[in-house]
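User: Could you walk me through this structure? I would like to begin with how its strands are arranged.

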Amino acid sequence: MIIEQIYTNCLAQGAYYIESNGEVAIIDPLRETQQYIDKARKNNAKIKYIFETHFHADFVSGHVDLAKQTGATIIYGPGAETSYNIYSAKDNESFKLGNITIKALHTPGHTLESTTYLLIDENGKDHAIFSGDTLFLGDVGRPDLAIKSDLTKEDLAAMLYDSLRRKIMTLSDDVIVYPAHGAGSACGKNLSKETVGTIGDQKNTNYALRANMTKAEFVEEVLDGIAPPPQYFAKNAMMNKMGYEEFESVLETGNIPLSPEDFEALANHEEALVLDVRPQNDFIKGHIPNSIFIGLNGQFAPWVGALITDIKQPILLVVPEGKSEEAVTRLSRVGYDNTLGYLEGGIDAWTNSGKEIDTLESISADTFAERVKEGHIDILDVRKDGEYKSMHLEDAQHFSLDFINENMNAISRDKTYHIHCAGGYRSVIAASILKARGFHNLVDIAGGFGAIKKTDLKTTDFVCPSTL
């Protein structure tokens, strides 16, 4: 028996390759499927099943393409309705895979069709669960993403309570837990950095699996502090339910080199968004006017999904050399399939053709501290709510990047803003969006709050109310 977790850090997502006696199951595959096909081929094995734990909201699964390419059966839990052929498993239904068995445990709560898959080994012993977004390490799935008119998030949270206690907590403590996500995912609020655990560990450490916890307590604690879901979640879930364009076609039409002239013409005629995915320091030094920065070296796909509100938006890419295919692939993982091409030769080709570039002022934390001491300046802290509340500069205005599109009226084009995040990635994203919308007096603080804390500027720490 082979179990391999294929973890993608950008999405904080775990897909799984399971093999026994020449037969393979893939659980929650990513959009690009060739990696699974190659792995099975190398082992002289055949992909038999594709198990989906639920309709994913935070990424587009590769299940439809993989089934077409291999003839494998797509399996969802009870109640799943799709526009393509699937097998809808019954609760506790078993599927043979070589010498092992995979049993579908219907665990509604995160979504109605959410299903945990229990792997039973060659000796008939419960070995592991693939828990999707039902159970994470340190948390459970948010119950606010699959609401119908007759269901509330409280209803779904109550279902999740029952699912965990009736289907998962009854398993042996040594059963391994393989979740769909780890820290960094917006599918939960307290996810561990670890990506593999056990039922016993979670009973001891996961607040939502606390012994003697009532259903009312569970509902209140699970719903407390959940931020609104990113706007692309509902769109990705619909793509997973209704199908999508083949990934190879998306890659073929998106990974096209364009001369500066053709690039500029498409930007103008197709109303395309110019997306610069280079490292932030390269963007700071020189970029195409009105382009948006979201670098490949950060949580690229989730930020694209959170900030580019039209999932069908035509996109033109400015990429580091050799990274165009990666950029198109990572865009497709969250459903942004309308890439028109990339700037061949990069910014050098753009400037060599005599076209205009723009820059972003960026200063060190020490220089920033000096400016603060010289007199009042306007500061934007673009970190998340929890980060800001835990510690922030006394005079900083909280302006979370997550909600920048909704909060533009909270700032003025007449002011000069010094912008910081935690480390320098998100502040440049924020500055690029603001510049594209006519905010030209912007200063990035290199190193973010991590560097600012090393200066002698005064910060405000969060004080827990219970200690007052």
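Analyst: An open sheet of five strands, with parallel pairing, follows the order β13-β17-β16-β14-β15. Strands here are DSSP runs of E with at least two residues, helices are runs of H or I with at least four, and both are numbered from the N terminus; two strands pair if DSSP finds at least two bridges between them. This is a predicted model, where local features need pLDDT of at least 70 and side-chain atom pairs count only at pLDDT 80 or more, while totals for chains, interfaces and linings use all residues. Residues are numbered from 1 along each chain as its sequence is written, and side-chain values use heavy atoms, leaving out hydrogens and water.

User: Which strands stand at the edges?

Analyst: They are β13 (257–258) and β15 (292–293), each with a single partner strand, so one side of each has no neighbour in the sheet.

User: And what joins β13 to β17?

Analyst: Two bridges join these parallel strands, and Leu 258 has Leu 343 in β17 as its bridge partner.

User: Switching topic, is Thr 195 buried or exposed?

Analyst: Thr 195 is buried, with a relative accessible area of 18%; buried means under 20%, exposed over 50% and partly exposed in between, using a 1.4 Å probe and protein chains only.

User: Where does Thr 195 lie?

Analyst: Thr 195 lies in the loop between β11 (176–179) and β12 (197–198). Not counting residues up to four places away in sequence, Thr 195 touches several residues, including Tyr 7 and Leu 137, where contact means heavy atoms within 4.5 Å.
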